[in-house]
Every structure is written in C-alpha cells, then in structure tokens.
Amino acid sequence: MAVGTELLLGLIWIAVGSALGGMARFFVSGLVGRRIGETFPWGTMAVNVSGAFAIGAAAAAATGGVVLHEPGAWGLAATGFLGCYTTVSSFSLQTLALARDGDWLLASLNVTLSLVLGLCAVALGFAAIAAMIHGA
Amino acid sequence: MDSAEHSRSNATVGKAAKSRRWAPGRAARNSVVLYAAVGLGSMAGGVTRALVSIASLELLGPAFPWGTLAANLAGSFLIGLYAALTEPGGRIFAGSAQRQFVMAGFCGGFTTFSLFSLETFQLILEDRWPTAVFYVAASLLAWFAAVWLGHVWGWRINRLRGKDI
C-alpha cells in the first residue's frame, strides 16, 4: 500500500474512534455529574481514570501481540476512542474554576487524585492483561 | 442570556435521560443535536491530535512525547479562551450546541489524559524516571498556564470596546 493511502486509512480509523470516544465521554461524565453532583468534577475524573485503566490493558494486549497490535486497530481503539474518551482540557478548566473560586484545597485534590489514580489505573490495567497473557 | 439558554437545554436533556419511554420530542432532538456536535468536534480534535503526534515523531523523534504535550497545551489554551469569550457578557454569543462542539467535542478530543498516562507509564517501565518526572511536571505546568492564559486573554478581549465580533 502506498504511504499516502496507508496514512489516510489510519486517519479514518482514528476519526471513527474519536467520534465514538467523545460521545462516550459526554455520556459518562454527564451521567456521573448528574448522579453525584457538579461541585467537584467527578465526571471528568471518572472518564480519565477508567480510560487510563483501559489504555493500560490495551497496551499490554498490543505488546503481547494478542489484539490491537495492528496500526489500524490501535488507531481506532487507543489513539481515537480512548484518546478522545479522556480529556485534559475539561480537567484544566475545572481545576482553574475551583482555584478561581478560592477552593484551593479542592483544586489541588482534583490534580493529585487525577494523577495518582490515573497512573495507578494504567499500571493496573497493564498488569492485569499482562498476567492473563503470561498465565495462559 | 447564554446561561439561561444553557440551563434550559441542560434541563431538557436531563428530563430526556430520566424518562423511561421513548418520546421523540424536542428534548430528544436537542439531545441528538448535542451528541452529534460532540461527536463531530471530537472527531476533528482526535484527528488533529494524531496529526500533531505524527509531525512530532517525524521532526523530534520518539524519545519524548512532544506531540501529546503540545496537543494538551493547545487544547487547554483554547478551552480557556473560548469559555471566557462565551461566558454571559462575553464577546461571542454561542448556543449550547456550538459550545459543546468546541469544548466537549474539539477540545475534549484534541486533549487526552489516557495517552498522557500511558506515555508516563512507559517511561517508568523503561526505567527513565527523570524523563517521566519531567513529563508529568512539564505537562501540569503547561496545562494550567495555558488554560489560565487563555482565560485571561478571553476576558481582555471581552473588555475591549468596539463592534461585536
């Protein structure tokens, strides 16, 4: 396949994953926000932490050569869907809003909790799938 | 005006989500429009991020995730700017579909927390701890400086006298 065609095809997979991932984020963060309340951005944290777990699992599967190791599949599921399912822009804006309201404690809690839970989630997702692959 | 319009549409979306029966009315149509706006914006944002990452790989190599850092910085700046410009009394009047297209859609899809987490984890796996710490610190600084600058700039534009944009 020509390089141009390959690039275009890869971008199409990413575009499909991106549209679905963004809508999934809108649904999940809205649902969590409505259920728990909007004073603290739990909705954004829920998508970011669950998305980090899923991408850790996806990376382990791709490294193990089980699924998702093909560029098109990785583009659809990881670069596209999970990339767009999680967000930094809303996280930054919501942290700024907390800081502007003078809620410095909540702002720093949002940052610390998101970072720690996100990194733990990606490691857990990776370890879980890596253990399944090596155990099988 | 903007916030009133916003809360009205939020209320209808909330009602649509709560009702068990499928009642294709105004609320359902609003909901479809909002999801379409978010999906299209996210599609554009995700593809733009992928292109930025490809360009960064070509120009700067795979040693450091410059592409994700740049996308997260630019997306944070844009959401801060746009949020300020479309606040009540701001320079741009935007309905909820346009706001969601830009903010939840484009900025949301352009920026990514999952790839940031994965890249940090991979640096740690490669035992490149100083680089991992630098990536996290540089990212946090970039995100918050960018969203703050965008917001400040937006408010400065809001205060300018002259014709409406």
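**Figure 1. Where chain A meets chain B in this predicted model.** Each chain puts 41 residues into the contact. On the side of chain B that touches chain A, the elements giving two or more residues are α2 (26-60), α3 (66-85), α4 (96-110), α5 (114-125) and α6 (129-159). Of these, α2(B) supplies the largest share, with 12 residues. Sorted by class, that side of chain B comes out at 21 nonpolar, 19 polar and one charged.

**Figure 2. The largest nonpolar core and its best-connected members.** This core holds 68 residues, and the ones touching the most other members are Ile55(A), Ala58(A) and Val122(A). Helix α2 of chain A (residues 42-63) gives the core its largest share, 12 residues. As background, nonpolar side chains in soluble globular proteins tend to be buried together.

**Figure 3. A close look at Ile55(A) and its contacts.** What does Ile55(A) touch, once residues up to four places away in sequence are set aside? Within chain A, the partners are Ala78(A), Leu82(A) and Val122(A). Across in chain B, Ile55(A) touches Ser114(B), Leu115(B), Ser117(B) and Leu118(B).

**Figure 4. Helix α2 of chain A from end to end.** How does the span of α2(A) agree with its 22 residues? At 1.5 Å a residue they should cover 32 Å, and the end C-alpha atoms sit 31 Å apart, so the two agree. Most of this helix is covered, with 17 of the 22 residues buried. After α2(A) comes Gly65(A), which has a positive phi near 70°.

**Figure 5. Helix α5 of chain A and what it packs against.** Running over residues 104-135, α5(A) has 32 residues and reaches 46 Å from its first C-alpha to its last, close to the 46 Å expected at 1.5 Å a residue. Which residues of α5(A) are buried? They are Asn110(A), Ser114(A), Gly118(A), Leu119(A), Ala121(A), Val122(A), Gly125(A), Phe126(A) and Ile129(A). These buried residues pack against α2 and α4 (89-100) of chain A, together with α5 of chain B. A handy reminder for reading this view: an α-helix has 3.6 residues a turn, so residues three or four places apart point the same way.

**Figure 6. Ser53(B) and its surroundings in chain B.** Ser53(B) belongs to helix α2 of chain B. Is Ser53(B) buried or exposed? Ser53(B) counts as buried because 20 other C-beta atoms lie within 10 Å, and 20 or more is the cut-off for that label. Apart from neighbours within four places in sequence, Ser53(B) is in contact with Gly67(B) and Thr68(B). Its C-alpha atom is 8.3 Å from that of Ala71(B), and the two residues are 18 apart along the chain.

**Figure 7. Helix α4 of chain B, largely enclosed.** Of the 15 residues in α4(B), 13 are buried, so the rest of the structure largely encloses this helix. The length checks out too: 15 residues at 1.5 Å each should span 21 Å, and the end C-alpha atoms of α4(B) are 19 Å apart, which agrees.

**Figure 8. Stepping back to chain A as a whole.** Chain A has five helices and zero strands, so to speak an α-α-α-α-α run from the N terminus on. Its C-alpha trace spans about 55 × 40 × 25 Å along the principal axes. Of the 136 residues in chain A, 47% count as buried. Among contacts in chain A with a separation of 6 or more, 71% join residues 24 or more positions apart.

Key: Residues numbered from 1 in each chain as written. Chains lettered and ligands numbered in written order. Predicted model: local features only at pLDDT ≥ 70, side-chain atom pairs only at ≥ 80, totals over all residues. Contact = placed C-beta atoms within 7 Å. Helix = DSSP H or I, 4+ residues; strand = E, 2+ residues; numbered from the N terminus. Nonpolar A, V, L, I, M, F, W, Y, C, P; charged D, E, K, R; others polar. Core = buried A, V, L, I, M, F, W, Y, C linked by C-beta atoms within 7 Å. Buried ≥ 20, exposed ≤ 12 C-beta atoms within 10 Å, placed from the backbone. Expected span 1.5 Å × (residues − 1).
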